[in-house]
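Biologist: Please take a close look at one part of this model, the packing of its helices, and then place that part in its surroundings. I would like one connected account.

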Amino acid sequence: MVQLKELLGVRHCVFVMGTPGCGKSSTWKTLQKAQTKNGEKTTVEDLDPKVQKTDQLYGIVHPQTREWIDGLMSNKMRDLSSRPDTLPKWIILDGDLDANWIESMNSVMDDNKILTLASNERIKLLPHMRLIFEIKNLKFATPATVSRAGILFISDSSGYQWKSYYQAWIKKMKYSEERKKELEALFEKYIQKSFDYMKKQFRFLIPTVDIAIIVSLCKLLESIYASVPEVKNNEMLFVFCCVWCLGAGYGDKDGIQYRKSFSQWWKDTWKVVKFGTQQVFEYYLDFGEQTTFKEWKTMDAGNIIERIDTSKRISSFTVPTPDTIAMSYLMKKFFAVKHSPMLIGAAGCGKTQIAKGLLDEITTSKDAEYLQQTINFNFYTNSEML
């Protein structure tokens with residue numbers, strides 16, 4: 001925040017760079033609140049330049065009617081520049097750079113500080129106004145763009161982001177001091193060493209970041225603790241959550257079975273909590289008289305015969321398998337704490353069917369408060385997600 005404050009003092013455009021979850025948004029938001037609290041009210045307009053076409057960002061003259069259609073960026077910039085006060089005003093452009101939209105910003109980012117529109121209107125970036133770009137990298141930026149802005153890079157290689165997150169999570173949870181101390185010790189024991197090895201040896205099916213894994217781990221722990229307050233073996237529960245939150249994103253990639261390799265590595269490395277002969281993903285934690293691991297196929301999925309309506313198409317119902325039982329269990333746990341899961345897999349593997357089956361269960365069950373809530377599902381194809 002100090003570095004950002006100093007950069008904004010000498011540059012009217014700043015690139016705040018770093019991987020997702022490194023703290024880019026938190027940096028400028030905290031600085032904004034600090035300045036406002038100090039009597040220097042800071043106005044912020046936050047927008048994503050990649051959610052619309054370039055014409056919709058800067059405006060366009062209609063080719064037939066010759067009518068001017070204002071754009072998002074031109075509208076926000078004109079509004080801020082027309083305000084009479086000279087208090088700080090920031091425009092946050094939260095989206096990766098590409099030549100389609102950033103080249104039109106060159107005249108704003110250089111010493112001219114003027115946005116020239118297709119209508120021949122010129123909007124000036126006033127001395128108290130700043131442009132802050134939230135970006136992951138400069139892969140698609142031209143030298144002309146790079147040379148026009150100050151750069152603040154926020155690294156997450158030291159891991160202080162995810163360490164701060166789990167420490168804050170433990171602190172805010174209403175657990176006993178004994179449980180909090182044990183959780184802190186478990187995070188220190190398992191996570192850093194696991195991350196160090198995983199980054200060298202394994203590859204996720206989709207890109208992910210450390211803090212996203214830790215957030216999921218904390219949410220899963222929180223959900224299970226809420227449903228089973230008196231957990232007898234905290235380390236077994238922690239290991240179960242670690243296995244799924246750290247390793248569930250692996251699969252067959254580039255001809256290598258990374259999930260199988262992760263399972264074998266986990267068994268060879270962490271031997272205090274022992275699994276059976278199957279992969280670590282084949283087990284769930286049974287909270288009975290004794291906390292033990294049992295295979296997913298032994299979990300009661302209900303009477304499938306009673307649920308099947310033979311008058312409907314066969315695609316309208318799902319016969320439970322160990323994989324669908326595991327996915328449904330984990331998704332319900334995440335839903336309980338309002339955390340969104342992402343299902344990854346090839347076409348036809350059953351992602352939509354699992355989600356629809358879970359939706360049917362949620363809308364008919366009255367056993368838990370979170371299942372009584374109305375949940376709307378939106379299904380997207382891979383191309384729509386991209």
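Helix packing and the core

Modeller: H7 and H9 lie roughly parallel to each other, because their axes meet at an angle of about 15° and angles under 35 degrees count as roughly parallel. The model is predicted, and the values that follow are computed from it. The axes of H7 and H9 are 9 Å apart, and the crossing is right-handed. From H7, the residues in this contact are Gln-161, Trp-162, Tyr-165, Tyr-166 and Trp-169. H9 answers with Asp-210, Ile-211, Ile-214, Val-215, Cys-218, Lys-219, Leu-221 and Glu-222.

H9 also packs against H8. The axes of H8 and H9 come within 12 Å and cross at roughly 145°, again in a right-handed crossing. On the H8 side the residues are Arg-179, Leu-183, Phe-187, Ile-191, Phe-195 and Lys-199. On the H9 side they are Asp-210, Ile-213, Ile-214, Leu-217, Cys-218, Leu-221 and Tyr-225. Asp-210, Ile-214, Cys-218 and Leu-221 therefore take part in the contacts of H9 with both H7 and H8.

These helices feed into the largest nonpolar core, which has 58 residues. The members that touch the most other members are Phe-187, Ile-191, Leu-217, Phe-238, Phe-240 and Trp-266. Two or more residues come from each of helix H7 (160–172), helix H8 (177–201), helix H9 (210–227), helix H10 (234–247), helix H11 (258–269), strand E12 (283–287) and helix H13 (322–336). H10 gives the most to this core, with eleven residues. In soluble globular proteins, nonpolar side chains tend to be buried together.

Phe-238 shows how H10 connects to H8 and H9. Setting aside neighbours within four places in sequence, Phe-238 is in contact with Leu-183, Leu-186, Phe-187, Tyr-190, Ile-191, Leu-217 and Leu-221. Of these, Leu-183, Phe-187 and Ile-191 are on the H8 side of the H8–H9 contact, while Leu-217 and Leu-221 are on the H9 side. Apart from this core lies another, of 27 residues, which includes Tyr-58, Leu-80, Trp-101 and Leu-117.

H10 has a helix partner of its own. H10 and H11 pack at about 150°, with axes 11 Å apart. That makes H10 roughly antiparallel to H11, since the cut-off for this class is over 145 degrees. The crossing of H10 past H11 is right-handed. The contact uses Val-239, Cys-242, Val-243, Trp-244, Leu-246 and Gly-247 of H10, and Arg-259, Phe-262 and Trp-266 of H11. Trp-266 is also one of the core members that touch the most others.

The cysteines of H10 deserve a separate check. A disulfide is a covalent bond between the sulfur atoms of two cysteines. The count here comes to zero disulfides. Cys-241 is in none, and its nearest cysteine sulfur, in Cys-245, is 6.0 Å away. For Cys-242 the closest cysteine sulfur is that of Cys-241, at 7.4 Å, which is too far for a bond. Cys-241 is buried, with a relative accessible area of 0%, and Cys-242 is likewise buried at 0%.

Moving on to the strands, Thr-291 lies in strand E13 (residues 291–295). Thr-291 counts as buried, with a relative accessible area of 13%. Neighbours within four places in sequence aside, Thr-291 is in contact with Lys-232, Asn-233, Met-236, Leu-285 and Asp-286. Gly-288 sits in the loop between E12 and E13, and counts as partly exposed at 33% relative accessibility. The C-alpha atoms of Gly-288 and Arg-203 are separated by 36 Å, with their positions 85 residues apart along the chain. Ile-305, in helix H12 (residues 304–307), is exposed, with a relative accessible area of 68%. From Ile-305 to Lys-199, 106 residues apart along the chain, the C-alpha separation is 45 Å.

Finally, the whole chain gives the setting. The protein chain has 16 helices and 13 strands, and its C-alpha atoms fill a box of roughly 75 × 55 × 45 Å along the principal axes. Of its 386 residues, 40% count as buried. Among contacts between residues at least 6 apart in sequence, 66% join residues at least 24 apart.

Note on methods. Residues numbered from 1 in each chain as written. Predicted model: local features only at pLDDT ≥ 70, side-chain atom pairs only at ≥ 80, totals over all residues. Heavy atoms only, no water. Core = buried A, V, L, I, M, F, W, Y, C linked by side-chain atoms within 4.5 Å. Buried < 20%, exposed > 50% of the residue type's maximum accessible area, 1.4 Å probe, protein only. Helix = DSSP H or I, 4+ residues; strand = E, 2+ residues; numbered from the N terminus. Contact = heavy atoms within 4.5 Å. Disulfide = S-S within 2.5 Å. Axes fitted to C-alpha atoms, helices over the stretch in contact; angles between N-to-C directions. Parallel < 35°, antiparallel > 145°, perpendicular 65-115°, else oblique. Left-handed = near helix turned anticlockwise from the far one by under 90°.
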